[in-house]
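Visitor: I should like to learn how to read the features of a protein model. May we work through one example together?

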Amino acid sequence: MYSFGALTSSNKFYYDFFDSQNSLTFRCFLRNLFEWLDSNKKYVLILDNAGWHKTQCVKNLIKEYRNRITVEH
């Protein structure tokens, strides 16, 4: 079992568990995270250089939310 997690500046923690860590499970995590976040606020998402952070399917999802999500690697 693997987990992804995110901490907001207001100390809210969001996490979820998956059977594997890859671009599809990460995209699922991000979609759920973005829907959980306050849609009236803007966020900076800080990612390391894990391969699944930079795949096309993840980039496409982030593009959908570009009006409120900025990514830094």
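Guide: We shall take the features of this structure one at a time, bearing in mind that the model is predicted.

Visitor: Let us begin with the interior. Which residues have the most contacts inside the largest nonpolar core?

Guide: A nonpolar core is a set of buried nonpolar residues joined through their side-chain atoms. In this model the largest such core has 18 residues, and those with the most contacts inside it are Phe 26, Phe 29, Leu 30, Leu 33, Phe 34 and Ile 69. Strands E1 (2-7), E2 (13-18) and E3 (43-46), together with helices H1 and H2, each give two or more residues to this core. The most comes from H1, with five residues.

Visitor: What does Leu 30 touch?

Guide: Setting aside residues up to four places away in sequence, Leu 30 touches Leu 45, Val 58, Leu 61 and Ile 62. Three residues in that list belong to the next feature, helix H2: Val 58, Leu 61 and Ile 62.

Visitor: Which residues of helix H2 are buried, and where do they lie around its axis?

Guide: A residue counts as buried when its relative accessible area is under 20%. In H2, which spans residues 56-64, Val 58, Leu 61 and Ile 62 are buried. When one looks down the axis of H2, its buried residues fall within an arc of 100°, so they line one face of the helix. These buried residues pack against helix H1 (23-36) and strand E4 (69-72).

Visitor: How should I read the side chains of a strand?

Guide: In a regular strand, side chains alternate between the two faces of the sheet. Strand E3 shows such alternation: Tyr 43 and Leu 45 point to one face and are buried, whereas Val 44 and Ile 46 point to the other and are not buried.

Visitor: How many bridges join E3 to E4, and which residues are partners?

Guide: E3 and E4 run parallel and are joined by four bridges. Ile 46 stands opposite Glu 72 in E4, and Leu 45 has Val 71 of E4 as its bridge partner. Between the two strands the chain passes through H2, and this β-α-β crossover is right-handed.

Visitor: I should next like to consider the aromatic rings. How many aromatic pairs are there?

Guide: Aromatic rings are paired when their centres lie within 6.5 Å. By this rule there are 10 aromatic pairs. One of them is formed by Tyr 15 and Phe 17, with 5.7 Å from centre to centre and 75° between the planes. Planes over 60 degrees apart count as edge-to-face, and the pair of Tyr 15 and Phe 17 is described in that way. Tyr 15 is partly exposed, at 48% relative accessibility, and Phe 17 is likewise partly exposed, at 47%.

Visitor: Which residues do ring pairs link into a cluster?

Guide: The cluster linked by ring pairs consists of Phe 4, Tyr 14, Phe 18, Phe 26, Phe 29, Trp 36 and Trp 52.

Visitor: Are Thr 25 and Ser 23 buried or exposed?

Guide: Thr 25 lies in helix H1 and counts as buried because its relative accessibility is 14%. Beyond residues up to four places away in sequence, Thr 25 touches Phe 4, Phe 18 and Ser 20. Ser 23 also lies in H1 and counts as buried, at 17% relative accessibility. With the same exclusion, the residues that Ser 23 touches are Trp 52, Thr 55, Cys 57 and Val 58.

Visitor: Where is Met 1 placed, and what is in contact with Met 1?

Guide: Met 1 belongs to the segment before E1. With a relative accessible area of 71%, Met 1 is exposed. Apart from neighbours within four places in sequence, Met 1 is in contact with Phe 17, Phe 18 and Asp 19. The C-alpha atoms of Met 1 and Glu 64 are separated by 28 Å, and these residues are 63 residues apart along the chain.

Visitor: Which residue has a positive phi although it is not a glycine?

Guide: That residue is Asn 11, with a phi of about 65°. Asn 11 lies in the loop between E1 and E2 and counts as exposed, at 62% relative accessibility.

Key:
Residues numbered from 1 in each chain as written. Predicted model: local features only at pLDDT ≥ 70, side-chain atom pairs only at ≥ 80, totals over all residues. Heavy atoms only, no water. Buried < 20%, exposed > 50% of the residue type's maximum accessible area, 1.4 Å probe, protein only. Arc of directions from axis to C-beta. Contact = heavy atoms within 4.5 Å. Core = buried A, V, L, I, M, F, W, Y, C linked by side-chain atoms within 4.5 Å. Pairing = 2+ DSSP bridges. Right-handed = clockwise from strand over helix to strand, strands pointing away. Phe/Tyr/Trp six-rings, centres within 6.5 Å; stacked < 30°, edge-to-face > 60°.
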